[in-house]
Amino acid sequence: MRVIGLLASALIASNASFALAAQFDFSNEYNTNSIHAQGDQFFIQKVKELSNGEVNITLHSGGALGYKSADHFYAVADNAVQIADTLAGSMAGIDPIFLLSSLPFLVEGEDQAELLYKIAKPYYAEIFEDNDQVLLYASPWPASGIWSKEKVDSVAALKGLKIRSYDKNGTLTLREAGAAPVNLSWADVVPQLSTGGIEAVLTSADAGASGSFWEHLDNYSAIQYAIPLNMVHMNRDEFESLTDDEQAAIVEAAKLTDEHNWQTVRMRVQDNYKELAEHSVAIHDDLPAPFMKHLQESARPALKEWLEDAGERGQAILAEFNKEK
């Protein structure tokens, strides 16, 4: 009887421990094999290790919880979901600072993109803080290009092109360049390709690969448009409900994931291009100078409008960026 009593006590203690473990849901609009979902899984594993299993996070990728990036900011603020991975540009209505990373042709390569993020991070964090959230880490995209049915390497090829943009910057720039942009969330892209609602997509080689774009599009023009960010943010009340050790685990895991994601994005394009070649996608990375000049000139109104909207904060960020790059 004593043995049975001890076993029962151990089982009760085990169940109590399990019940007390923190459980969080994590929403991500992108596919499980996307660079973002993989980075999020890295974070989840680190949290589990650093908290000794006391903090458990479940990733719901592919928009499984019914949320798009545009829904995430308020969903996390209201604690409808505790953590989310959100395309920064989709939060432009919250604050124009979130359009910074997708300003066209502002950065040249991942080193400059990471520098820009580090300069702007305190501004991002403050906005989340003011809205009862915690900024955990960034999830950078590889540079955006143009996926299309026909090769896009000239002003004429852009004219009237029904192309998906992912935020205000892209819409302004592509319209100025002569295209017919449509701002779409990720979840709506493939359905619109399937029905002919769009015939091209502004996004990275990585995103196109994770969405099997080769089923609809045969060309990828590497215009190096921008290296935009997704941001991972958490409900502040849920964060503060954790013990000090558990909070420290979250913070350290976020720091490690930030480092991991910036390392990963630097290596991703080579693997993406190999996959595209295996599916007979033509990659155009030596684009005519007049075409690139036209795109860069078309981007100026977007930059001008962003500076007007962002005000002194935007000017301060760009001044420091231009000084340090």
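**Exercise 1. Ser 280 and its backbone**

Is Ser 280 buried or exposed? Then find its place in the chain and the sign of its phi.

*Solution.* The model is predicted.
- Step 1: the relative accessibility of Ser 280 is 63%. The exposed class begins over 50%, so Ser 280 counts as exposed.
- Step 2: Ser 280 sits in the loop between α10 and β11 (282-284).
- Step 3: its phi is near 60°, which is positive, and the residue is not a glycine. Most residues other than glycine have a negative phi.

**Exercise 2. Gln 224 and Asn 52**

Where is Gln 224 found, and how does its accessibility class follow from its value? Next, find the phi of Asn 52.

*Solution.*
- Step 1: Gln 224 belongs to the loop between β9 and β10 (229-235).
- Step 2: its relative accessibility is 46%. Values from 20% to 50% fall in the middle class, so Gln 224 is partly exposed.
- Step 3: the phi of Gln 224 is positive, about 55°, although the residue is not a glycine.
- Step 4: Asn 52 comes just after α2 and has a positive phi of about 55°.

**Exercise 3. Two aromatic pairs**

Classify the ring pair Phe 43 and Tyr 137, then the ring pair Tyr 220 and Tyr 273.

*Solution.* A pair of aromatic rings is described by the distance of the centres and the angle of the planes.
- Step 1: centres within 6.5 Å make a pair. By this rule the model has 15 aromatic pairs.
- Step 2: for Phe 43 and Tyr 137 the centres are 5.1 Å apart and the planes make 50°, so the pair is tilted.
- Step 3: this pair ties together distant parts of the chain. Phe 43 is in helix α2 (residues 35-50) and Tyr 137 in strand β4 (residues 133-140), 94 residues apart.
- Step 4: both Phe 43 and Tyr 137 are buried.
- Step 5: for Tyr 220 and Tyr 273 the values are 6.3 Å and 65°. Over 60° counts as edge-to-face, so that is the class of this pair.
- Step 6: this pair also links distant parts of the chain, with Tyr 220 in strand β9 (residues 219-221), Tyr 273 in helix α10 (residues 244-278), and the two positions 53 residues apart.
- Step 7: Tyr 220 has a relative accessible area of 2%, and Tyr 273 has 19%. Buried means under 20%, so Tyr 220 is buried and Tyr 273 is buried.
- Step 8: Tyr 220 and Tyr 273 belong to one aromatic cluster, whose members include Trp 141, Trp 147 and Trp 186.

**Exercise 4. The sheet and its helices**

Which strands stand at the edges of the five-stranded sheet, and why? Which helices pack on the sheet?

*Solution.*
- Step 1: the sheet is open, with mixed pairing and the order β2-β1-β3-β10-β4.
- Step 2: β2 (55-60) and β4 each have a single partner strand, so one side of each lacks a neighbour in the sheet; these are the edges.
- Step 3: neighbouring strands are turned by 20° against each other on average, direction ignored.
- Step 4: β4 and β10 run antiparallel and are joined by seven bridges. Within this pairing, Tyr 137 has Val 232 in β10 as its bridge partner.
- Step 5: helix α4 (residues 110-130) lies across β4 and β10 and runs at about 145° to β4.
- Step 6: α10 also packs on the sheet. It touches β2, β4 and β10, and its direction makes about 20° with that of β4.

**Exercise 5. One helix span against another**

How does the span of α2 compare with the span expected at 1.5 Å a residue? Do the same for α12.

*Solution.*
- Step 1: α2 has 16 residues and reaches 23 Å between its first and last C-alpha, close to the expected 22 Å.
- Step 2: helix α12 (residues 300-324) has 25 residues, and a straight helix of that length would span 36 Å. The end C-alpha atoms of α12 are only 22 Å apart.
- Step 3: look for a bend. α12 bends by about 120° at Gly 311.
- Step 4: list buried residues. In α12 they include Trp 306, Ala 310, Gly 314 and Phe 321; in α2, Phe 43, Ile 44 and Val 47 are among them.
- Step 5: find the partners. The buried residues of α12 pack against α4 and α6 (168-176).

Definitions and conventions
Residues numbered from 1 in each chain as written. Predicted model: local features only at pLDDT ≥ 70, side-chain atom pairs only at ≥ 80, totals over all residues. Heavy atoms only, no water. Phe/Tyr/Trp six-rings, centres within 6.5 Å; stacked < 30°, edge-to-face > 60°. Helix = DSSP H or I, 4+ residues; strand = E, 2+ residues; numbered from the N terminus. Buried < 20%, exposed > 50% of the residue type's maximum accessible area, 1.4 Å probe, protein only. Pairing = 2+ DSSP bridges. Axes fitted to C-alpha atoms, helices over the stretch in contact; angles between N-to-C directions. Contact = heavy atoms within 4.5 Å. Expected span 1.5 Å × (residues − 1). Bend = angle between axes of the 7 residues up to and from the residue.
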